[in-house]
Amino acid sequence: MPRYRLDIAYDGTRYNGWQRQPNDPTIQCELEQALQTILRKPIEITASGRTDAGVHARGQVAHADLDIAETPECFLRRVNSMIPNDIRIRSIKEVDPSFHARFDAVSRTYHYSLATLPDPLQPLRWNLPKPVDSGKLRESAVEISGTHDFRLFALMDPVLENCFCTITESRFETLSDGHLYIITGNRFLRNMVRRLVGMMVAMGAGELPMGSITQTLEGHPPIRVPSVAPAIGLVLERVLYVEGGH
């Protein structure tokens, strides 16, 4: 059966994350139900990663094995007409049967938006409760780059043994009405980005000393993350695959 790559965007506000759950609305459930209705058989979608409850995506990638009797463009329109408006499949294209949305990904980029001037027309941002020093934010972001054991910045999965992630990009951009944090890595742990942002904001507000992230990563002694940034500001922006690949 042909394999298709799906590029997906969604507002995760009212969903309990990507992964299928029996009694809660999720992105995976909505998509699989629509596909099953059209194709009249069970369909399983595999994503590049599982976004948490309330987290959004502009560049989620998934794959599914689909027996489509029409052009991908026509099929795309049919599926989008059957799913909620806060989820959109942006493209569907046939790929090599060996393509795997999760295991073939070489990097994932997340954006986290923070507002210093709340704007009701841009609601998917964390409205910061107090002023932060933009210079301290930029300085704190540098501490994250490289390969580290991020277990102290994650909501731990008891079966997860390897907590090492390689971060190739970690930086803040200062905007006229807030800040944008950009982070790229080979993998991310559950709640990891939100906990990192929470600590950087605490450093930027003077609640924690500079170097707190480095101290925690090195574990001597670790500093407790004072707060976890809310899911509302986090977006899976982009997933990249090997050059010349899928």
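Which residue forms a salt bridge with Asp177, and how far apart are the closest N and O atoms? Select Arg125 together with Asp177 in this predicted model: Arg125 is the partner, and the closest N and O atoms of the pair are 3.2 Å apart. The pair links distant parts of the chain, since Arg125 is in the loop between β5 and β6 (126-127) and Asp177 is in the loop between β8 and β9, 52 residues apart. Both Arg125 and Asp177 are buried.

**Other salt bridges**

The structure holds 11 salt bridges, and a few of them make good next stops. Side chains of opposite charge can pair when their charged atoms come close.

Select Arg20 and Glu32, whose side chains meet in a salt bridge at 2.9 Å, N to O. Here too distant parts of the chain are linked, with Arg20 in the loop between β1 (3-10) and α1, Glu32 in helix α1, and their positions 12 residues apart. Arg20 counts as partly exposed, at 41% relative accessibility, whereas Glu32, at 4%, counts as buried.

Move on to Glu207 and Lys130, where the side chains meet in a salt bridge at 2.6 Å, N to O. Glu207 lies in the loop between α4 and α5 and Lys130 in the loop between β6 and α3, so that this pair, 77 residues apart, also links distant parts of the chain. Glu207 counts as partly exposed at 45% relative accessibility, and Lys130 counts as partly exposed at 40%. Then select Glu169, Arg171 and Glu173, which are linked in a network of salt bridges.

**Helix α3**

Select residues 134-142, which make up helix α3, and color Leu137, Ser140 and Ala141, which are buried. Seen down the axis of α3, the buried residues fall within an arc of 100 degrees, so they line one face of the helix. What covers these buried residues includes β8 (164-175), β9 (178-185), α4 (192-204) and α5 (212-218). At the start of α3, show the side chain of Asp133, one oxygen of which reaches to within 2.8 Å of the backbone nitrogen of Gly135.

**Two residues with positive phi**

Most residues other than glycine have a negative phi. Arg40 has a positive phi of about 60 degrees although it is not a glycine, and its place is in the loop between α1 (27-39) and β2 (46-47). Arg40 is exposed, with a relative accessible area of 78%.

Asn191, in the loop between β9 and α4, has a positive phi near 70 degrees. Is Asn191 buried or exposed? At 12% relative accessibility, Asn191 counts as buried. Leaving aside neighbours within four places in sequence, Asn191 is in contact with Asp52, Phe153 and Leu155.

**Tyr110 and its contacts**

Next, select Tyr110 in strand β5 (residues 105-115), which is buried with a relative accessible area of 11%. Beyond its neighbours within four places in sequence, Tyr110 is in contact with residues including Thr51, Tyr181, Phe188, Val193 and Leu236. A distance label between the C-alpha atoms of Tyr110 and Gly185, which are 75 residues apart along the chain, should read 8.9 Å.

**A patch on the surface**

Finally, switch to a surface view and select Val106, Leu240 and Val242, which form a nonpolar patch with about 230 Å² of accessible area together. Val242, in the segment after β10 (234-241), is partly exposed, with a relative accessible area of 46%.

Conventions: Residues numbered from 1 in each chain as written. Predicted model: local features only at pLDDT ≥ 70, side-chain atom pairs only at ≥ 80, totals over all residues. Heavy atoms only, no water. Buried < 20%, exposed > 50% of the residue type's maximum accessible area, 1.4 Å probe, protein only. Helix = DSSP H or I, 4+ residues; strand = E, 2+ residues; numbered from the N terminus. Arc of directions from axis to C-beta. Contact = heavy atoms within 4.5 Å. Polar contact = N/O pair within 3.5 Å; in protein donor to acceptor, adjacent residues only side chain to side chain. Patch = residues over 30% accessible without salt bridge, like charges linked within 9 Å, V, L, I, M, F, W, Y side chains within 5 Å. Areas by Shrake-Rupley, 256 points an atom, 1.4 Å probe, with all protein chains shown as cover. Salt bridge = Lys/Arg side-chain N within 4 Å of Asp/Glu carboxyl O.
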